[in-house]
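Below is a colleague's note, set out as numbered points, on the model that follows. Please read it with the structure open.

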Amino acid sequence: MERADFFFEHVPNWQIIVCKQCRYAVWPSEVAAHLTNKQHSRTQKFANNIREEVEQWQGVIQYPSGFDVPAFVAEPVQELPLFDDGWQCRLDQCAYITRETKALKKHWRIEHGWSVQQSRGGSGPAKQEAAQRRFEEASKRVKCQRFFRSRAHSQYFEVKVADDEPNDTQNGRGGAEIWEMAWEAASASYEQKKKCDIIRPGESDEVNPWLRRTGWVPYLTGCPQGDLLAAIRRPDEHAEEREEGVAGVVWNAVGDMAVMAESGVRRGGVMLRFEAIRTEIDQVRYAPLEPYRERERVRKECQPWQQMVIFFVRTQQDNTWQTPPYGFNNRQKKSVPAIDGGRKAGGRPKRGR
Ligand SMILES: [Zn+2]
Ligand SMILES: [Zn+2]
């Protein structure tokens with residue numbers, strides 16, 4: 001009789017299981033339902049046995065809340081099909097991917113209030129050509145994959161294969177494209193390094209190209225990973241220590257600031273929002289900055305900002321672990337006394353630096 005590994009493959013890098021026949025990920029709790037579906041049509045009893053076996057597997061994320069779809073990957077996930085017919089939205093650094101042009105147009109209309117048709121009425125080749133040009137400007141052909149077939153985490157993510165031809169000319173580039181090129185350069189050098197460096201074990205030691213791009217590698221070298229990760233965790237509200245109290249205040253303040261900023265966007269006029277979305281002085285943007293459709297989302301989406309700020313708060317505190325030896329510039333230093341004052345009130349000596 002078949003065992004669980006006849007049907008499912010464990011993908012350790014992503015901590016998921018993929019059905020070998022269907023080639024998409026299945027949650028452990030849905031293994032039995034999956035095997036009794038039309039595709040596999042196994043008996044309930046048989047499916048339950050397989051589910052029990054899968055439940056014993058280590059290193060598998062159990063629920064959708066524990067999983068995050070990456071914005072992109074540098075190498076395809078082998079267990080999943082790779083599609084080379086993806087269309088990626090290029091408006092507002094949105095990066096949404098679909099494989100249907102119709103769906104992309106609908107996405108533009110709903111998410112960006114944008115259309116390839118500039119004006120109502122009229123027809124003929126000139127107008128069609130203009131629409132085609134606008135379509136090309138706002139989209140990009142990409143390779144893509146997805147983990148799940150439906151519901152949570154079923155969105156496509158881009159596969160940035162390193163040997164992709166650079167498909168843009170040098171002129172008139174927006175911020176997004178410059179970052180994209182930086183990414184491509186970084187991932188190409190990453191691939192290169194991997195190739196020449198096969199003797200060295202442990203690819204998990206390899207520095208993420210994005211981190212390399214920020215220039216932070218020398219500051220993080222030698223710092224204990226566990227402590228670094230702990231430095232970006234959400235502050236514990238029930239902790240006794242004064243430091244956690246300070247961290248909690250800062251964490252919530254960043255969250256509140258994000259909410260205020262979002263509500264500013266919500267109330268701002270369209271011209272203001274067109275200004276607000278630019279990241280470069282001479283940038284031309286096709287759609288104004290939009291508020292979230294669900295207001296509550298801003299609280300969740302601002303977490304990376306909270307983590308960034310909290311990292312500086314925590315690494316500026318007196319720590320028993322080796323913190324990154326970075327320094328603030330003058331402007332940044334000026335914003336620190338508030339945190340510092342709070343800490344001094346706690347009666348702890350300031351560490352010499
Ligand atoms: Zn299947
Ligand atoms: Zn979009």
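1. A convenient place to begin is Tyr156, which counts as buried because 21 C-beta neighbours lie inside 10 Å, where 20 or more are required for that label. The model is a predicted one, and this assignment, like those below, should be taken as a property of the prediction. Tyr156 is placed in the loop between strand 7 and strand 8. Leaving out residues up to four places away in sequence, Tyr156 touches Gly86, Ile97, Thr98, Cys144, Gln145 and Arg146. One of these, Cys144, is twelve residues from Tyr156 in sequence, and the two C-alpha atoms are 6.0 Å apart in space.

2. On confidence, the mean pLDDT of the chain is 81, with 80% of its residues at 70 or more. Two stretches call for caution: over residues 164-173 the pLDDT is below 50, and beyond near neighbours in sequence this stretch has four contacts in the model. Over residues 196-203 the pLDDT is likewise below 50, and that stretch has one contact in the model beyond near neighbours in sequence. Where pLDDT is low, the predicted coordinates should not be read in detail.

3. As to overall make-up, the secondary structure of the chain comes to 15 helices and eight strands. Of the 353 residues in the chain, 15% are buried. Among contacts between residues at least 6 apart in sequence, 58% join residues that are at least 24 apart.

4. Five of the strands form an open sheet of mixed pairing, in the order 4-8-7-5-6. Strand 4 (72-73) and strand 6 (97-98) stand at the edges with a single partner strand each, so one side of each is left without a neighbour in the sheet. Strand 4 and strand 8 (residues 157-159) run parallel and are joined by two bridges, with Phe72 standing opposite Glu158 of strand 8.

5. Within that sheet, strand 5 pairs with strand 7 in the antiparallel sense over five bridges, and with strand 6, also in the antiparallel sense, over two bridges. Trp87 is a useful residue on which to follow both pairings: its bridge partner in strand 7 is Arg141, while in strand 6 the residue opposite Trp87 is Thr98. Thr98 also appears among the contacts of Tyr156 given in the opening point.

6. Helix 4 (residues 101-112) has twelve residues and reaches 16 Å from its first C-alpha to its last, close to the 16 Å expected at 1.5 Å a residue. This helix lies across strand 5 (83-89), strand 6 and strand 7 (139-145), and runs at about 15° to strand 5. Just after helix 4, Gly113 takes a positive phi of about 55°.

7. A separate open sheet is made of three strands in the order 1-2-3, with antiparallel pairing; its edge strands are strand 1 (8-11) and strand 3, each of which pairs on one side only. Strand 2 and strand 3 run antiparallel and are joined by two bridges, and Ile17 stands opposite Val26 in strand 3.

8. The largest nonpolar core has 18 residues, and those with the most contacts inside it are Phe8, Ile17 and Ile50. At least two residues of this core come from each of helix 1 (4-7), strand 2 (16-19), strand 3 (25-26), helix 2 (31-35) and helix 3 (44-55). A second, separate core of twelve residues includes Trp108, Ala138, Val142 and Val159. In soluble globular proteins, nonpolar side chains tend to be buried together. With neighbours within four places in sequence left aside, Ile17 is in contact with Phe8, Glu9, His10, Ala25, Val26, Pro28, Val54 and Val60.

9. Two backbone angles deserve a check. Most residues other than glycine have a negative phi. Gln15, however, has a positive phi of about 55° although it is not a glycine; Gln15 is found in the loop between strand 1 and strand 2, and counts as partly exposed because it has 15 C-beta neighbours inside 10 Å. Ser41 likewise has a positive phi, near 35°, and lies in the loop between helix 2 and helix 3; with 9 C-beta neighbours inside 10 Å, Ser41 counts as exposed.

Note on methods:
Residues numbered from 1 in each chain as written. Chains lettered and ligands numbered in written order. Core = buried A, V, L, I, M, F, W, Y, C linked by C-beta atoms within 7 Å. Helix = DSSP H or I, 4+ residues; strand = E, 2+ residues; numbered from the N terminus. Contact = placed C-beta atoms within 7 Å. Expected span 1.5 Å × (residues − 1). Pairing = 2+ DSSP bridges. Axes fitted to C-alpha atoms, helices over the stretch in contact; angles between N-to-C directions. pLDDT = per-residue confidence, 0-100.
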